[in-house]
Amino acid sequence: MSKNAEKKNEDVKIVELCRVPLEDEALAIESLLASCNIKCILQSDITHSIFPFTIDGLAEVRILVSDRDLEKSKEIISKNA
């Protein structure tokens with residue numbers, strides 16, 4: 001990897017785009033963002049196959065994106081809500 005590419009990767013910060021209560025909703029958002037060439041990370045504190053429901057936010061899914069893609073991601077989600 002070139003020094004320029006390494007520097008570019010070092011500058012990327014991952015930020016939270018939103019939280020959703022269901023994994024299916026998170027997967028739909030992930031697919032929508034991917035169709036616009038935006039990569040995201042789905043993160044949860046609990047295994048959904050064991051606890052497929054949300055209690056007080058315990059099983060909600062956080063959707064994370066690059067800080068560079070945050071505003072564009074918000075626009076995409078709001079247009080498709």
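This passage describes the strands, nonpolar core, salt bridges and surface features of a predicted model.

A good place to start is strand 3 (61-66), which has a strand partner on either count of pairing described here. Strand 1 and strand 3 run antiparallel and are joined by six bridges. Within this pairing, Ile14 has Ser66 of strand 3 as its bridge partner. Strand 2 (40-43) also runs antiparallel to strand 3, and four bridges join the two. Here Ile41 is matched with Leu64 in strand 3. Strand 3 is mostly covered, with six of its six residues buried.

The burial of strand 3 leads naturally to the interior. The largest nonpolar core is made up of 12 residues. Leu17, Val20, Ala26, Ile29, Leu33 and Ile38 belong to this core, as do Cys40, Val61, Ile63, Val65, Leu70 and Ile76. At least two residues of the core come from each of four elements: strand 1 (14-20), helix 2 (23-35), strand 3 and helix 3 (70-79). Both helices and strands thus appear among the contributors.

Turning to charged side chains, the count of salt bridges comes to three. In one of them, Glu16 pairs with Arg19, and the closest N and O atoms are 2.9 Å apart. Glu16 is partly exposed, since its relative accessibility is 36%. Arg19 also counts as partly exposed, because its relative accessible area is 44%. The side chain of Arg19 meets that of Glu60 in another salt bridge, again with an N to O distance of 2.9 Å. Why does this pair tie together parts that are 41 residues apart in sequence? Arg19 lies in strand 1, whereas Glu60 sits in the loop between strand 2 and strand 3, so the contact links these separate parts of the chain. Glu60 counts as buried because its relative accessibility of 18% falls under the 20% cut-off.

The remaining pair to describe is Glu71 and Lys74, whose side chains meet in a salt bridge with an N to O distance of 4.0 Å. Both residues lie in helix 3, three residues apart, which is about one turn of the helix. Lys74 is partly exposed, as its relative accessible area is 39%. Through shared partners, salt bridges join Glu16, Arg19 and Glu60 into one network.

Two further features concern the backbone and the surface. Asn37 is found in the loop between helix 2 and strand 2. Its phi is positive, at about 60°, although Asn37 is not a glycine. This is worth a second look because most residues other than glycine have a negative phi. Is Asn37 buried or exposed? With a relative accessibility of 72%, Asn37 counts as exposed.

On the surface, Val12, Ile14 and Ile41 form a nonpolar patch, and together they have about 230 Å² of accessible area. Val12 is placed in the loop between helix 1 (3-10) and strand 1, and at 30% relative accessibility it counts as partly exposed. The other two members of the patch have already appeared in the strand pairings: Ile14 with Ser66, and Ile41 with Leu64.

Conventions
Residues are numbered from 1 along each chain as its sequence is written. This is a predicted model: local features need pLDDT of at least 70, side-chain atom pairs count only at pLDDT 80 or more; totals for chains, interfaces and linings use all residues. Side-chain values use heavy atoms; hydrogens and water are left out. A nonpolar core is a set of buried Ala, Val, Leu, Ile, Met, Phe, Trp, Tyr and Cys residues joined through side-chain atoms within 4.5 Å. Buried means under 20% relative accessible area, exposed over 50%, partly exposed in between (1.4 Å probe, protein chains only). Two strands pair if DSSP finds at least two bridges between them. Patches are made of residues with over 30% relative accessible area and no salt bridge: like charges are joined within 9 Å, nonpolar side chains (Val, Leu, Ile, Met, Phe, Trp, Tyr) within 5 Å. Accessible areas come from the Shrake-Rupley method with a 1.4 Å probe; for residues, only the protein chains shown count as cover.
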